[in-house]
Amino acid sequence: RKGKAVTTMAGWLRLLGDRGLRGVCGRGRVSNHLDRRTFFGWPHSKTTSNLIRLQKETSWGPRGSGISTAVAKSGEDAAFKWALLTIPMATFCLGTWQVQRRKWKLKLIADLEARVTAEPVPLPLDFLELKELEYRPVRVRGYFDHTKELYILPRSLVDAEKEARTAGQLMSNPVIGANVVTPFYCTDLGVTILVNRGFVPRKKMKPETRLQGQIQEEIELTGVVRLSETRKPFIPENNVEQNRWHYRDLEAMARVTGAEPIFIDADYKSTVRGGPVGGQTRVTLRNEHMQYIITWYGLCALTSYLWYKKFIQRVHL
C-alpha cells in the first residue's frame, strides 16, 4: 500500500508540473531561454517574450549609454581645459609685445630730444628736405608782417618748469590763450614763411594790447620745423573767416597770408618783451607702455595660477 501511494504521488506531481509549465508558457511569462543565441553582442531568442526584451533594455542599454555619456563629458572637459589655457598665453604675448613697444617709444623720444637740442642749420627751401627736418632747429633772418597774424586756439602755455612742479597734482590752473602765427619775410632767402611766435593769453590776443612786442626791425631767430597736421577726431574745423585755427593746415594758412607752406616754431630765446612767449613746441610723447606691461603680465600670472589650481591640483574654485 505504501508503494502504491508513492507511485500515485509521483504521478500527480508530474501532472501538475507539466500543466504548470504549459500554463506559464501559454501566458508568456517565461521565455524559451534554452534557445537563445548571440547576434552582434545582443541576446536573441525565437520567442517574443516581454521578459527578454526588458532584460535586454535594462541590462545592456543603460550601461552602453552611460559609457558614451562619460566619454563625451571627458572630451568636453579636455577641450574646456585647453581653451582656458589660451588666456594666460595671450596675455603673456601681449605683455611681451608691450615690452617691444616701450623700447621703440623710448628710442623715438630720445631721437626727438636729440633733434630739438641739435645745432640749428640754415632753413632749406626744398620741401622734400624739409619733411626730413621736422623738430630740427633752423635759423632764419628777416622781419615780421604783423598785419596778417593768425591765431591757433585754444592753447595753454607750455612751461616745462611749471609742469614739472605741478606733476601729479589733481587740480591745475593752466593759462588759456592762443598761439600767434605771423608771416616772416626771410631777407636772405627772398621768401615769406610762417612763424609761430608763441603763446599769448586770451586778453592779449588783439595786437593793440601788446604793441611793445610788435617789433618792426629785421631780426634773426631760431625755431624748429613743423609739418602740416591732419584734423583729429572731435577737433573743430578751422574757421578762416573768423581767423580761428584749431590745427596746422599749412596749405590753407599759406593761401590766406600769401606765404610759402613752411612753418617753424620760434624757440624761447626769440621771445621779446611784451610779445608772445616762444618755445611752445611739445616734444614729449605719451609713454604708458609700462602700465600695460604690468597689467598684461599680472593677468598672465593670475590666470596661470588659477588654471594650475583648477586643472592640475584639482582644487574646487
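How much accessible surface does the protein have, and what share of it belongs to carbon and sulfur atoms? The accessible surface comes to about 21700 Å², and 59% of that belongs to carbon and sulfur atoms. Keep in mind during the tour that this is a predicted model.

**The whole chain**

Begin with everything selected and shown as a cartoon. The protein has 7 helices and 9 strands. Its length is 317 residues, of which 27% count as buried. Next, turn to contacts between residues at least 6 apart in sequence: 63% of these join residues at least 24 apart.

**Strand 8**

Select residues 219-226, which form strand 8. Is this strand mostly covered or mostly uncovered? Strand 8 is mostly covered, with 6 of its 8 residues buried.

Keep strand 8 on screen and add residues 137-144, which are strand 4. Strand 4 and strand 8 run antiparallel and are joined by 6 bridges. To see one place where they face each other, pick G142 and I219: G142 stands opposite I219, a residue of strand 8.

Now add residues 263-266, strand 9. Strand 9 also pairs with strand 8 in the antiparallel sense, here over 4 bridges. The residues to pick are V225 and I264, with V225 standing opposite I264 of strand 9. While the side chains are displayed, a general point may help: in a regular strand, side chains alternate between the two faces of the sheet.

**The loop after strand 8**

Go on to the loop between strand 8 and helix 6, where helix 6 covers residues 250-257. Select F234, which has its place in this loop. Which sign does phi of F234 have? The value is positive, near 70°, in a residue other than glycine. F234 counts as exposed because its relative accessibility is 84%, and the cut-off for exposed is over 50%.

Then select N243, which lies in the loop between strand 8 and helix 6 as well. N243 is not a glycine, yet its phi is positive, at about 60°.

**A cis peptide bond in strand 5**

For the last stop, select residues 150-156, strand 5, and find P154 within that strand. What is the form of the peptide bond from L153 to P154? That bond is cis, with omega near -5°.

As background to these last two stops, most residues other than glycine have a negative phi, and most peptide bonds are trans. The residues to revisit with that in mind are F234, N243 and the pair L153 and P154.

Key:
Residues numbered from 1 in each chain as written. Predicted model: local features only at pLDDT ≥ 70, side-chain atom pairs only at ≥ 80, totals over all residues. Heavy atoms only, no water. Helix = DSSP H or I, 4+ residues; strand = E, 2+ residues; numbered from the N terminus. Buried < 20%, exposed > 50% of the residue type's maximum accessible area, 1.4 Å probe, protein only. Contact = heavy atoms within 4.5 Å. Areas by Shrake-Rupley, 256 points an atom, 1.4 Å probe, with all protein chains shown as cover. Pairing = 2+ DSSP bridges.
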